There are 2 protein chains.
Amino acid sequence: MKAAVYHGPGDIRIEERPEPEIEEPTDAVVRITHTAICGSDLWFYRGEEDHEDGARVGHEPMGIVEEVGDEVRHVRPGDRVFAPFSISCGECEFCRKGLHPACVNREFLGPHGRTGAQAEKLRVPFANGTLVRVPDRYADDEDALEALLPLTDVMATGHHAAVSADVESGDTAVVIGDGAVGLCGVLAARRLGAERIIAAGHHEDRLELARKFGATEVVSARGDEAIEEIHELTYGGANHVLECVGAESALETAANVVRPGGNIGYVGVPHLESAGFVEQLFFKNASYTGGPAAVRNYAEELMEDVLQGTLDPSPIFTKTVDLDGVSEGYEAMDDREAIKVMVDLDE
Amino acid sequence: MKAAVYHGPGDIRIEERPEPEIEEPTDAVVRITHTAICGSDLWFYRGEEDHEDGARVGHEPMGIVEEVGDEVRHVRPGDRVFAPFSISCGECEFCRKGLHPACVNREFLGPHGRTGAQAEKLRVPFANGTLVRVPDRYADDEDALEALLPLTDVMATGHHAAVSADVESGDTAVVIGDGAVGLCGVLAARRLGAERIIAAGHHEDRLELARKFGATEVVSARGDEAIEEIHELTYGGANHVLECVGAESALETAANVVRPGGNIGYVGVPHLESAGFVEQLFFKNASYTGGPAAVRNYAEELMEDVLQGTLDPSPIFTKTVDLDGVSEGYEAMDDREAIKVMVDLDE
């Protein structure tokens with residue numbers, strides 16, 4: 001089968017790899033029909049993260065179950081499914097707590113793990129605890145599938161930011177970052193009932209999409225200027241701040257614009273050199289909560305909204321490629337020509 | 001009147017200063033009867049924090065109201081009162097939210113502000129919002145007063161750590177630090193119903209007091225050894241961690257021993273150089289919350305427990321001096337001869 005493989009910064013190739021097989025009775029093999037390229041894939045693509053030459057890439061799989069092990073009850077061959085960026089057993093303390101990325105059997109897809117979703121097929125360990133089944137009625141509804149695909153990562157991650165920032169009905173929320181996750185954070189804040197949503201970013205086209213997604217105001221500035229604007233808009237800071245980037249500057253902005261006693265939800269993998277923001281959090285008694293999203297925990301509730309038509313993150317896909325076009329997809333993401341790239345293997 | 005004055009590292013002197021007077025109609029003047037020396041006073045005493053030569057020190061005042069301005073209703077001359085380490089108006093958004101240290105009229109006592117509590121008298125701005133009145137029945141009960149004095153700072157701070165760490169009945173809590181705040185954190189966790197309290201520190205005598213205060217286990221080790229012991233005791237980390245020090249090593253320990261999805265409550269002013277712990281918090285989805293304690297918010301509920309005899313932090317005072325002995329008191333704290341020093345001005 002064909003699979004996307006990492007060969008160093010800027011070098012993603014489609015190569016032949018052995019077909020995956022059932023190895024454990026809890027495995028499933030899924031034929032990938034849709035997957036995506038993630039902003040976090042750019043860390044290794046840009047050489048800011050090291051991986052083994054030959055590592056498999058991609059962590060946002062959707063497809064059709066081909067084969068299941070003897071202990072798999074939750075799905076059957078022929079089912080349309082998607083899976084989060086990490087494997088979860090569904091049975092341990094942390095899965096029971098709804099904290100699947102801390103699963104004691106966790107395994108990441110992509111170069112941090114042993115396999116990748118940008119491929120024709122994928123072996124999914126702990127299929128009962130990992131795979132999310134799309135109801136049959138929507139199993140071949142291309143629009144529904146395209147809107148569900150972001151639930152594998154970025155939509156669930158934006159939701160996690162909003163939940164971690166304690167956004168509730170009537171609140172004012174600030175979303176830092178206008179990438180796919182920030183845009184999904186806007187959708188999530190609106191879905192949770194936020195009254196005002198201030199989206200902060202640097203790209204006019206993305207902030208335009210943020211408005212379509214429900215942002216009531218946008219701030220297109222950097223550093224101190226952005227902070228000042230947000231302070232003015234919020235009369236001294238927001239109680240709910242979604243930090244959707246992970247860069248130090250974004251975290252500093254978040255610490256600066258959070259209101260005393262407020263909550264920062266952060267979901268970008270932190271890339272920090274100094275800890276200056278901590279003193280600011282301290283004197284504001286601001287709460288700082290986040291991490292990898294519990295995609296599996298949020299999947300059903302988000303899927304319900306997608307299928308009933310009240311949530312549609314699909315506009316974040318501004319470019320579609322087939323599997324052979326994956327390398328071109330990385331390039332478009334890297335050049336910021338595309339917000340997010342869908343890989344459609346049935347195309 | 002006499003007041004303790006800072007003249008550089010290691011140099012605290014008792015000097016004559018003008019008697020404070022009512023300057024605003026919301027002021028009160030309090031004759032100090034009891035005050036204390038705080039672990040946080042050691043930052044400047046050790047030269048790790050810079051202040052103006054001649055700055056007034058002390059931030060834990062208890063005494064008798066001498067005079068009040070026209071708009072002061074909450075207290076009258078003759079009342080026994082105590083006050084938090086910071087002034088609060090009682091009327092702004094943050095005071096109403098119970099977040100008095102973020103009061104828009106906040107002013108710190110001690111060298112960060114304009115006056116200090118280690119003195120014969122103190123002018124208290126915003127007396128209605130700041131002063132806590134001790135019920136008349138206990139106003140001259142020396143045992144009660146000694147148990148109430150820590151409510152000006154350390155007991156409320158330990159409580160804030162426990163509340164920020166989300167400690168509830170039946171929980172397992174880890175308390176990092178065996179200073180006065182850590183010991184009060186143990187008391188607070190017990191008071192909130194924690195089932196197991198693991199106190200981690202370096203001093204046998206203090207850990208012995210931690211046991212008396214309710215610690216079910218103590219860990220007397222440093223760095224990796226402490227982390228390993230706590231992991232063993234908690235089968236992989238605690239959901240509730242009270243970080244009561246503020247040093248980078250303590251925060252790293254906290255990040256290491258918190259269980260995935262758990263809560264760190266931190267109350268030591270952070271003194272950090274690197275932000276390595278943030279990545280750990282991220283991958284654990286651990287919450288990090290804290291800051292200066294809302295002493296004024298917690299005062300009544302803690303006072304009730306002290307006066308009914310179910311809470312007694314007074315054993316943290318292992319040395320008592322009079323005002324002329326303040327310098328000796330700093331020395332004893334600096335040498336770790338005393339856990340905490342009480343200054344008894346009526347002695």
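A salt bridge is a side-chain nitrogen of Lys or Arg within 4 Å of a carboxyl oxygen of Asp or Glu. By that criterion, A:Lys340 and A:Glu60 pair in this predicted model, with their closest N and O atoms 2.7 Å apart. Over all chains, the structure holds 40 salt bridges and 0 disulfides (a disulfide being a pair of cysteine sulfur atoms within 2.5 Å). Residues are numbered from 1 along each chain as its sequence is written, while chains are lettered from A and ligands numbered from 1 in the order in which they are written. Because the model is predicted, local features need pLDDT of at least 70 and side-chain atom pairs count only at pLDDT 80 or more, whereas totals for chains, interfaces and linings use all residues; side-chain values use heavy atoms, with hydrogens and water left out.

**Relation of the chains**

- A turn of 180° with a shift of 0.0 Å along the axis lays chain B on chain A at an RMSD of 0.0 Å, the superposition being by least squares on the C-alpha atoms of residues with pLDDT of at least 70 in both copies.
- This is the relation of a two-fold axis.
- The same surface serves both copies, since 100% of the contact residues of chain B recur in chain A; contact means heavy atoms within 4.5 Å.

**Salt bridges**

- The pair formed by A:Lys340 and A:Glu60 links distant parts of the chain, 280 residues apart: A:Lys340 belongs to strand S17 (residues 340–344) of chain A, and A:Glu60 to the loop between helix H1 (41–45) and strand S4 (62–68) of chain A.
- Helices (H or I, at least four residues) and strands (E, at least two) are DSSP runs, numbered from the N terminus.
- A:Lys340 is buried at a relative accessible area of 1%, and A:Glu60 is buried at 0%; buried means under 20% relative accessible area, exposed over 50%, and partly exposed in between (1.4 Å probe, protein chains only).
- In chain B, the side chains of B:Lys340 and B:Glu60 also meet in a salt bridge, at 2.7 Å from N to O.
- That pair links B:Lys340 in strand S18 (residues 340–344) of chain B with B:Glu60 in the loop between S4 and strand S5 (62–68) of chain B, 280 residues apart.
- Both B:Lys340 and B:Glu60 are buried.
- Salt bridges that share partners join A:Glu19, A:Glu66 and A:Lys121 into one network.
- Within this network, A:Glu66 bridges to A:Lys121, with the closest N and O atoms 2.9 Å apart.
- A:Glu66 lies in strand S4 of chain A and A:Lys121 in strand S8 (residues 121–124) of chain A, so their pairing ties together parts 55 residues apart in sequence.
- A:Glu66 is partly exposed at 36% relative accessibility, whereas A:Lys121 is buried at 15%.

**Buried acid B:Glu49**

- B:Glu49 sits in the loop between helix H1 (41–45) and strand S4 (55–56) of chain B.
- B:Glu49 is buried yet has no salt bridge, the nearest side chain of opposite charge, B:Arg46, being 11 Å away; here Lys and Arg count as positive and Asp and Glu as negative, while His and the chain ends are not counted.
- The side chain of B:Glu49 makes polar contacts with the side chains of B:His51 at 2.9 Å and B:His112 at 3.3 Å.
- A polar contact is a pair of N or O atoms within 3.5 Å; within protein, one must be able to donate a hydrogen and the other to accept it, and residues adjacent in sequence count only if both atoms are side-chain atoms.

**Helices H8 and H9 of chain A**

- Helix H9 (residues 248–257) of chain A is largely enclosed by the rest of the structure, because 7 of its 10 residues are buried.
- The cover over the buried residues of H9(A) includes helix H8 (223–234) and strand S14 (258–266) of chain A.
- A:Thr234 lies in helix H8 of chain A and is buried at 7% relative accessibility.
- The side chain of A:Thr234 reaches the backbone oxygen of A:Ile230 at 2.6 Å, and a polar atom of that side chain lies 2.8 Å from the backbone nitrogen of A:Gly237.

**Cysteines outside disulfides**

- A:Cys89 is in no disulfide, the nearest cysteine sulfur being that of A:Cys103 at 3.6 Å; A:Cys89 is buried at 7% relative accessible area.
- The sulfur of B:Cys95 is 3.8 Å from the closest cysteine sulfur, in B:Cys103, which is too far for a bond; B:Cys95 is buried at 6%.
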